[in-house]
Amino acid sequence: MTGIRHFIKNTLYPVLEEILNSYSILFFSNSKLLGAMLLLITFFKPFAGVAGLVSVLIAISFSYFTGISRVGIQKGLFSFNALMIGIGMGTFYNQGIAFWLLLFIVVMLSVVFSGVLHTLFSRQGLPFLAIPFILCFWLVILVSREFAAIDLTTRNIYWLNEMYTVGDKPMVSLILFFEKLPLHPLIITFFKSLSSLFFQDNVLAGIIIFVGLLFHSRITTSLVIIGFISSVLFNHIVHAYDTGINYYLMGGNFIMITVAIGSFFVIPSFHSYVWAVVCVPVTFIISIALSKVTALFQLPVYTWPFCFVTIIMVFFFSIKRQRGRLVLTPMQFYSPEKNLYNYVSTVERRSYENYIQLQLPFLGQWIVSQGYEGDITHKGDWSKALDFVIVDAELKTYTQFALKAENFYCYNKPVLSPGYGTVWNIIDHIEDNEIGKINQYQNWGNTIIIKHAEGLFTKMCHLRKHSFKVKIGDYVRPGDVVAACGNSGRSPEPHLHFQVQSTPYIGSKTIAYPFASYRTRTHEITDMAEFKVPKETELVSNVVVNESLAKAFEFLPGYRMDVSAEGFESTTWEVFTDAYNYNYLYCHQTKAIAYFGRLNNVFYFMSFFGDQDSLLYAFYVSAYKVSLSTELATVIQDKFPLQMSSNNPGKWLQDLVAPFYIFRRLIFECENKTSSTDSFNEDVTIRSCQTMQYFAFKIIKTASVIEVNNKKITSFVFSKGQKNIQAQCVPKG
Amino acid sequence: MEKLKYERPFLKKMSAGMMDKSGTQQSEFTPVTHIDEVSVKQLIADYGSPVFVMSERKIRYNYQSAVRAFTTRYPKVQFAWSYKTHYNNAICRIFHQEGSWAEVVSGFEYRKALNNGVPGSHIIFNGPDKHRDELMLAVQHDSLIHIDHFEELYTLIEVCTEAGKKARVAIRVNMDTGIYPVWDRFGFNYESGQAWAAINKIVASDQLQLTGLHAHIGTYMLSTAAYGVAATKLSKLASECKTELNTTIKYIDLGGGFPSANTLKGSIGLVPTPTVDEFAEVITTTILNAGFKPDELPLLILESGRVLIDDAGYLLGTVLANKKLSDGRKATIMDFGVNIMFTSFWYDHMISPAQEASQFNEETVMYGPLCMNIDIVRECVTLPLLNRGDHVVVHKVGAYNMTQWMQFIAMRPNIVLIDLQGRTHVIRKAEDLSYLEQLDVIPEHLSTK
């Protein structure tokens, strides 16, 4: 019995998923429901349906046999072209041994093409779309003329006959009912265009596809309609096809280009919609021009125009350097809604990956005495620099008298390395100035330059002579003491000059670069800043990380944790790293995956894949973003991707208008509390909740409590409505 | 125009006396008419004389300066307010508001800290005399208990067994830091190996968890080097705990003992005392260079009392009488004496007149109001001519006086706090007879008149 269950779970189910994905990916989806609906309509032409399914199976088996990317197979990337070939051949040719043999060869060829094109194109971040299908199908058309054993079928003409053989009279009358629906001719054209992707011109098939699309994505559905209307309007102006656009051109090119450009390869937005509409006439023109060329060989253009325009446009968008309005999908979730919501919810987090983490180069609280573009010396090429000093409650920088450098609070205080790096250069021979005098001949005074990455150096100046604790070539970690604050160089009173530069020289041009996080105080309000540059007169200090929390959330690859709760199978989570160097927690039992990231003082989840009833999902929601500091009693906020909200009319409406306006927000809030029985803040309670916000209304969806005791996560409680999960965690290190 | 102040006639002998570096004789007669912009005259009118005045602004300033001195040099610093220095609840709460823990040396101080809202885990329990029930209280409140002697160690093990709870403890270590006499009556000796023996006993016991090491090398220390020695020895002990006993020492407590800027009796002229910054520099560099791993740096705890509060306290008093002693010296009798100014046994407190006076001054012996010969506030002070009813301000009396004062002959006066906005608050009422008699019990046979 368990053997059978094991077989179903580990063999049958993945294969079924791969088959359905081969269908749904035609509409850039991996929705099983859509896949099943598409599979169903291919059988409106039974033989074509069979040929399609067989092709998919051949393609999947061949892919496994050749051992190309598992993920690619799973998403249906290497089999959807085969599917098109199968349906196409099944539609146009009579069966026979020669037919199956040719199909077999061509399908395998399409997998080879797919693999090669995928490798070539993905280096540039480009899709290969239906190119393998077109190439293979042209091949079929060209060679089949020479193969006497393969002939064109007449089934297409009398396709209703075929329907009789499948479903007898009721089937035929059902189809005829839809064919004869008193609909506007344009609507009929619309549905038939959708069905034409499967070489059909069938209203019922079109309607089923449309419904499937609606369930899959409201954004895609709206773009399908927009694409259709745009092409009809354009045709109306140019009078290219006076009898109406051919269904296949309409479905396979004009509608698909709108979907691809409007929502799939870029994040859906007002701008992507405009681009999508603009691409319709472009595709239109290319279709007509290209068909003149291919007609010379008596070949149809199929979806060439769509493939061509999409690839060119995606390439164009990717070389566009300015930040902006149109954003290429950073992580593909195979759903425009998911792509959009993930993008929106992680806007603030983008700095996490864009910058190398730097911390303030000192201990305790200092004040920015001169900020970027400062009036005193931060000008021109050197404008992106910061000067720091220490002040007392009265904002004085010295004790009683400002006569000696020693009287200044910041003098001789340790200067720290702001990040991981190598000491690149040190100047250590310049005497401190008398107070009020400056040394313009050795402008920067005693200086240290640290290299953190290629093209990223930090420089700290006016240090005290012979205070250096490191030497050139030393490796330093953030917080290592490198020298002491002094008063050398162009410095009338002791202060610390800090700048980031892209070249390693003394006197290099400065660049603007943020600190990963720091505590800031202005007018008695203390707050935490993330990836910002402190402003003049801001009192700043490094955020002190709670070592217990930091260790508890230090999920290094290989880390394992046993998690159990009443009513759940005991699970083991393990940390792995994927090919793109992203870390994820993997649940061995449910196969759920939760991607996470970690900054010096923040732990955060990026995305979740798998069963939403699993313990890992509960933990993902509970620890979506956790501050690893207990110093500040502030609530940290973040946004969940909206697709995590439940399905209801409100959500569908939101999906529809999401590219333009978002009125629902799924907010995450989290707060750390240390235990009053513990002197060293080793026991921390993390309370978090998920709330749905409609405009100004707030509804609490989930509430969680995570307990950390002495560097370990010991338990978490997750409650959602009536459901209450109490999980025990046993980290295994 | 205001009537000119009467000044009694006086004769003054020319004296070569001790000169300060500007060539003038030391005098302290710059009048201090206001404390934190509040008039001294008004304070005395409102709260009587004598009266202690505490400046909240100065307390916070001192605390923040001390914290800054350490936190800009060392990443993990915690101050614990030494209750014995001044355990008035209002004063303690200022420190707790600033983020200070509590350091107590007796059961009542412990309860006071709890009443002031300090969580048990933020109370450090020091001292050689901790009663069994007090230890039990501290164990139940998860406090940090600093063990002073082996007897206490064994008692604590018993208490923990009884409570069924593990206690977090540190040992107090005494050592030779080059300062004599060595305070070796407190804690376990470092050089003789006693401290290491105590550590081993603690680590071996299931009831105690060794979390810290404590040293308190003396009081009013004028040498920063001694703290360097103490920090070195404690760091070494901590490293040995880690390497030999696999026990991570979470904190090093260097106690207090930093001097305030008072003048010790017997010192000639101004003796410069090291500032908190100078102590911080020595202590932090010593620990940073002791070879701890960056993520295992111990928390540095300081139990400073005096340096944070001495100069935030003032005593306002009034002249009762002038006299001439038999040897011809002038004597001034004040309404405050050693009964409420215990520290006058140690310091030559700076005393300023509280009203304008002429440039003439005279040397005088300043006596308190007690009918005891030892009640001398200053053996010799140069002040302008003072008349009966004139006011004086005694400086730097914030530490220890309001805990060590006695109720003897005179009763203890009001303590007034001037807050950040310049408002005044009584934070301890002057005693009266009913307070005094509150605890008196008259046996039956004496109760009838």
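**Notes on the two-chain model**

1. Let's start with one helix pair in chain A. Gly252(A), Asn253(A), Met256(A), Ile257(A), Ala260(A) and Ile261(A) are the residues of α12(A) that meet α14(A), and their partners there are Pro305(A), Phe306(A), Val309(A), Thr310(A) and Met313(A). Sorted by class, the residues of this contact come out as eight nonpolar, three polar and no charged. Keep in mind throughout that this is a predicted model.

2. Now the geometry of that pair. Helix α12 of chain A covers residues 247-264 and helix α14 of chain A covers residues 304-319. They pack at an angle of about 20°, and their axes are 9 Å apart. Angles under 35 degrees count as roughly parallel, so α12(A) is roughly parallel to α14(A). The crossing of α12(A) past α14(A) is right-handed.

3. On to the domains of chain A. The assignment splits off domain 1 (1-183), domain 2 (366-541) and domain 3 (547-731). If you want a feel for the spacing, the centres of domain 1 and domain 3 of chain A, taken over C-alpha atoms, are separated by 40 Å. The α12/α14 pair from above, at residues 247-264 and 304-319, can be placed against those bounds when you look at the model.

4. Chain B is assigned two pieces: domain 1 (34-54 + 311-435) and domain 2 (56-309). Note that domain 1 of chain B is written as two segments. Taken over C-alpha atoms, the centres of domain 1 and domain 2 of chain B are 33 Å from each other.

5. Those two domains of chain B touch, with 21 residues from domain 1 and 21 residues from domain 2 in the contact. On the domain 1 side, the elements giving two or more residues are α11 (401-404), β19 (415-418) and β20 (424-428) of chain B. Which element gives the largest share of that side? It is β19(B), with three residues. By class, the domain 1 side facing domain 2 of chain B has twelve nonpolar, three polar and six charged residues.

6. Last, the contact between the chains. Chain B puts in 20 residues and chain A 18 residues. On the chain B side, helix α2 (residues 56-71) gives the most, with five residues. That side of chain B, where it touches chain A, has eight nonpolar, six polar and six charged residues. For a quick look at the chain contact, α2 of chain B is a handy place to begin, given its five residues there.

Technical notes
Residues numbered from 1 in each chain as written. Chains lettered and ligands numbered in written order. Predicted model: local features only at pLDDT ≥ 70, side-chain atom pairs only at ≥ 80, totals over all residues. Axes fitted to C-alpha atoms, helices over the stretch in contact; angles between N-to-C directions. Helix = DSSP H or I, 4+ residues; strand = E, 2+ residues; numbered from the N terminus. Parallel < 35°, antiparallel > 145°, perpendicular 65-115°, else oblique. Left-handed = near helix turned anticlockwise from the far one by under 90°. Contact = placed C-beta atoms within 7 Å. Nonpolar A, V, L, I, M, F, W, Y, C, P; charged D, E, K, R; others polar. Domains from an automatic or database assignment.
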